[in-house]
Amino acid sequence: MEKYEADNKYIFVNTENLEQSDGGDQLNNIKINLGTNTIDSDDSSLIKISLTQFNMNKGFYNVNDTNNTLRIFQPGFTQNNFTQNAFDDIVKIDIGDYVSFEVLLLNLCRAIEDAHQSRVNSGTTVSVVPHTHTAGTNFISTSEAQGLDYGGTYAFDPASNLGKPNTHIHEKNTGLYAIAIQYTRSDGGTAFTAASITTLPIIECLHISPSKGQVTLSDGRVLTADEQYNDSYILLGIPRQTTYNNAPSLFPTGEVGNTFAVINEGATTNAFTVMNTYPISQSLNTMPYVYLRANLAANVATTNHENLDHNHQGNVATSHILGKIPRHTNTEGHTAREIVHFQMENIQSQSMVITQNMINELRFSVTDSKGRVIPHRNAHDLSRHFGFGAGGEVLADFNGLPNVNGGLFCDFTLKVERLSIPFAPNILQGTPDIKRTSVNPISSSIPIDFNNNCGF
């Protein structure tokens, strides 16, 4: 038996119904008061805490505020009877779990369409639709033959039939797509000619760390942390935009284009064509792992986990990360309903060594890879689905509430050990004193609102 093996103990934690403290909830700023069961060491030992088990059901949406946002910068133009007013605004894909990329793409089209339609002159109609592939089969075919997509109704209206978006059979999947922003007039007249317009829309995913300052668009809109630091580039297969430009361009001089690719020519002459440049996320989510962070952890991580630099230097920074837990997907029943949870069992190597002599409180937070609190509530979604109208304003008050009584919580197990510090007999002055640090020695560098989100 090791010297302190008899002092080993396990702490079994379930965050359901834990008392709220300092703005925390069942996933964020979880406070565990050890009371009389303090963790102690002496001058010849250190404390080691290891994560041995973790489990959490997925009680949040795959598409959410951290990955559903785009910026559209549209310069104004006039052609014949068509007038497009300039605007600089944020558009968002509806929050939810999407069963196919086709449905997600149509929701993206609707968001872009709504933004443009509200800024054109009377009689002008803007329609944003997926482009057909060169074979002319994508999104319009009613066949389910090899290589073709199912062309049933992908409805936005909840009262309509959604069709069967998962029953198409692909010969191959490139992960590439294109959409058309079409202009027509209700009074006829001269058709819109996209090739004559050089002021094309700029559609970008902002991925600007809030630690770099809060972004204000050219029209005066102040962005939230999630709006300016968004993961939609992963979901939609486009470059991320890591710096803010008040008047962006498609291909800045000497720089790589960090937007959707947009052209004013193609088979549809009355439309701008918008294309992605990287394959889309096949899983239709941006959270393959969740991270358990602890206020006493003093590990290190690459800076994209912490202070969110985009310098591609491979630098590391001090981190609160204690454990990295993978996403698991199972199916249930004959309908193959997807069951998602985050789980690890028999973890052997995720641990932290504590230099304090005594610990009477532990604090934890469950976040995504960038330290953001997992979004758990969206009352706007209720209003959108069930047509509450003005009632949505009242429901919006629920959005900012902490997750203190919902179904999103986790349970995990910690192993606490004392480690013996070896004595060095050949050193006459004896064993050097351990450098003891105080509790909460790390000021988290995660650039989010510490009053309501992760941070110790």
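Let me start with the rings. Phe77, Phe82, Tyr183, Phe192 and Phe272 are linked into a cluster by ring pairs. A search of the whole structure finds 12 aromatic pairs. Take one of them, Tyr183 with Phe192. This pair is tilted, with 4.7 Å centre to centre and 40° between the planes. Before I go on, a reminder: this is a predicted model.

How buried is Tyr183? Its relative accessibility is 2%, so Tyr183 counts as buried. Phe192 also has a relative accessibility of 2%, and since buried means under 20%, Phe192 counts as buried.

Now step from Phe192 to Phe272. The ring centres of Phe192 and Phe272 are 6.0 Å apart and the planes stand at 85°, so this pair is edge-to-face. Where do the two residues sit? Phe192 is in the loop between E10 and E11, and Phe272 is in strand E14, so the pair ties together parts that are 80 residues apart in sequence. Phe192 and Phe272 are both buried.

Next, the core. The largest nonpolar core has 44 residues. Which members touch the most others? They are Leu70, Leu108, Tyr183, Leu236, Phe260 and Phe272. So two names from the ring cluster come back here: Tyr183 and Phe272. Several elements supply at least two residues each, including strand E5 (69-74), helix H1 (101-117), strand E10 (178-185) and strand E14 (271-275). Which element gives the most? That is H1, with nine residues.

Look at Leu70 in detail. Leave out its neighbours within four places in sequence. Among the residues that Leu70 then contacts are Ile90, Val91, Leu108, Ile203, Cys205, Leu236 and Phe260. Polar names appear too: Asp89, Glu204 and Ser232 are also in contact with Leu70. There is another core, apart from the largest one. This other core has 35 residues, among them Val13, Ile30, Ala294 and Val366.

On to the sheets. One open sheet has four strands, in the order E8-E5-E11-E12, and its pairing is mixed. Why do E8 and E12 each have a side without a neighbour in the sheet? E8 and strand E12 (240-241) stand at the edges with a single partner strand each, so one side of each is left without a neighbour there. E11 and E12 run parallel and pair over two bridges. Cys205 has Arg240 in E12 as its bridge partner.

Now strand E15, residues 289-294. Five of its six residues are buried, so E15 is largely enclosed by the rest of the structure. E15 pairs with strand E22 (residues 361-367) in the antiparallel sense, over four bridges. Opposite Tyr291 stands Thr367 in E22.

Strand E23, residues 411-420, is next. Strand E1 (residues 9-14) runs antiparallel to E23, and six bridges join them. Within that pairing, Val416 in E23 stands opposite Lys9. Strand E4 (residues 45-57) also pairs with E23, again antiparallel, over 10 bridges. Here Leu419 in E23 faces Leu46 as its opposite residue.

One single residue, Pro326. Pro326 belongs to strand E18, residues 321-332. Which residues does Pro326 contact, beyond four places in sequence? They are Pro288, Tyr289, His341, Phe342, Gln343 and Met344. Phe54 is 272 residues away from Pro326 in sequence, yet their C-alpha atoms are 9.9 Å apart.

Now the whole chain. It has five helices and 23 strands. Of its 456 residues, 48% count as buried. Take contacts between residues at least 6 apart in sequence: 74% of them join residues at least 24 apart. The accessible surface comes to about 22400 Å², and 50% of that belongs to carbon and sulfur atoms.

Last, confidence. The mean pLDDT of the chain is 75, and 69% of the residues reach 70 or more. Two stretches need care. Residues 134-172 have pLDDT below 50, and the model gives this stretch 63 contacts beyond near neighbours in sequence. Over residues 434-456 the pLDDT stays under 50 as well, and the model has 71 contacts there beyond four places in sequence. Where pLDDT is low, the predicted coordinates should not be read in detail.

Notes: Residues numbered from 1 in each chain as written. Predicted model: local features only at pLDDT ≥ 70, side-chain atom pairs only at ≥ 80, totals over all residues. Heavy atoms only, no water. Core = buried A, V, L, I, M, F, W, Y, C linked by side-chain atoms within 4.5 Å. Buried < 20%, exposed > 50% of the residue type's maximum accessible area, 1.4 Å probe, protein only. Contact = heavy atoms within 4.5 Å. Pairing = 2+ DSSP bridges. pLDDT = per-residue confidence, 0-100. Areas by Shrake-Rupley, 256 points an atom, 1.4 Å probe, with all protein chains shown as cover. Phe/Tyr/Trp six-rings, centres within 6.5 Å; stacked < 30°, edge-to-face > 60°.
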